[in-house]
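Work through the exercises below with the model open. Try each task before you read its solution.

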Amino acid sequence: MGHERGQRIEAFLAELPPPADATAELDEDDERLETQRSMYQECLPRRSNSDLTYNRVELGRDSLKLIAEGCAPHVVLALDDLGEYSNSIPYAQLADDFSPYGRCLLLEQRSDCQRPADLRAGGAYRGKIDGRYAISLVLEGNVYASSSYFYERYARQIELSQRTISADQVRLYEGGDSPAIFDLHLQPDGSLTGTWQQQGGKALPV
């Protein structure tokens with residue numbers, strides 16, 4: 001995936017005119033080309049690797065799409081002719097990684113899918129902290145696994161470690177300078193409720 005993105009940038013760079021003579025005075029068009037060339041050359045290593053941490057995820061009817069931002073910072077956005085980088089993966093290719101619930105939802109696309117009544121099976125959940133901050137949570141079922149969540153407004157993955165997990169409850173620890181703890185309980189309807197609390201702060205409902 002990263003290789004495909006890198007090839008896209010390399011192909012674009014190959015089509016640019018040769019670099020201007022370093023001793024020549026550049027006009028406006030030449031300066032634009034050289035700025036664009038430099039931008040993509042610096043971006044190429046980042047887009048060529050396989051780190052998908054900061055990709056947005058979109059679930060389509062038949063495929064999952066991973067989307068990375070373009071190469072240009074906001075101040076030179078007009079120079080980014082390539083724009084965003086996206087890759088679509090058919091759900092059929094991911095079948096071996098799906099839980100029974102995931103297969104029911106995404107492959108079979110049935111309306112009677114039931115969440116497993118056991119948090120140790122893992123799963124993906126959406127909700128809000130304190131009724132205001134929309135989040136998505138990906139829960140790994142193994143007690144030694146690393147779960148994660150992100151605020152939907154910012155779409156930045158935040159890693160969580162698990163210390164305790166049972167069929168109907170889990171405690172998740174967030175690292176960093178202001179560590180937080182999720183205490184979550186499985187409800188009969190398959191939803192999660194509980195609290196989110198930063199160190200020394202007030203416990204907020206989830």
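The exercises go from one helix to three single residues, then to a pocket and two backbone angles.

This is a predicted model, in which local features need pLDDT of at least 70, side-chain atom pairs count only at pLDDT 80 or more, and totals for chains, interfaces and linings use all residues. Residues are numbered from 1 along each chain as its sequence is written, and side-chain values use heavy atoms, with hydrogens and water left out.

**Exercise 1. Helix α1**

Task: Compare the reach of α1 with the expected span, then sort its buried and exposed residues.

Solution:
- Start with the limits. α1 runs over residues 2–15 and has 14 residues. Helices are DSSP runs (H or I, at least four residues), strands likewise (E, at least two), and both are numbered from the N terminus.
- Check the reach. From first C-alpha to last, α1 covers 20 Å, close to the expected 20 Å. The expected span is 1.5 Å times one less than the number of residues.
- List the buried residues: G2, R5, G6, I9, F12 and L13. Buried means under 20% relative accessible area, exposed over 50%, and partly exposed in between (1.4 Å probe, protein chains only).
- Explain the pattern. These residues cover an arc of only 125° around the axis, so they sit on the same side of α1. The arc is that of the directions from the helix axis to the C-beta atoms.
- Turn to the other side. There, H3, A14 and E15 are exposed.
- Find the partners. The buried residues of α1 pack against α2 (28–48), β2 (63–68) and β3 (85–90).

**Exercise 2. Three residues**

Task: Place G6, L26 and R37, and list the contacts of each.

Solution:
- Contact means heavy atoms within 4.5 Å. Residues up to four places away in sequence are not counted for G6.
- G6 is in helix α1. G6 is buried, with a relative accessible area of 3%. G6 touches L44, R47 and S48.
- L26 lies in the loop between α1 and α2. L26 counts as partly exposed, at 30% relative accessibility. Leaving aside neighbours within four places, L26 is in contact with A20, E31 and E34.
- R37 belongs to helix α2. R37 is buried, at 9% relative accessible area. With neighbours within four places left aside, R37 contacts L13, L16, P17, P18 and P19.

**Exercise 3. The largest pocket**

Task: Describe the largest pocket by volume and by lining.

Solution:
- Take the volume. The largest pocket holds about 1,600 Å³ of space.
- Find the centre. Of the 40 lining residues, V57, L59, L64, A124 and V138 are the closest to it.
- Name the elements. Those giving two or more residues to the lining are β1 (56–59), β2, α3 (100–107), β4 (123–129), β5 (133–139) and β6 (146–151). The largest share, 5 residues, comes from β6.
- Note the method. On a 1 Å grid over the protein atoms alone, a pocket is an open set of points where a 1.4 Å probe fits, with protein on both sides within 12 Å along at least five of seven lines; lining residues have an atom within 4 Å of a point.

**Exercise 4. Positive phi**

Task: Where do Q109 and D130 lie?

Solution:
- Recall the background. Most residues other than glycine have a negative phi.
- Q109 has a positive phi of about 50°. Q109 lies in the loop between α3 and β4, and is partly exposed at 33%.
- D130 has a positive phi of about 60°. D130 is in the loop between β4 and β5, and is partly exposed at 27%.

Notes. Grid points are joined across faces, edges and corners, and a volume is the space filled by probe spheres set on the points. Ala, Val, Leu, Ile, Met, Phe, Trp, Tyr, Cys and Pro count as nonpolar, Asp, Glu, Lys and Arg as charged, and the others, Gly among them, as polar.
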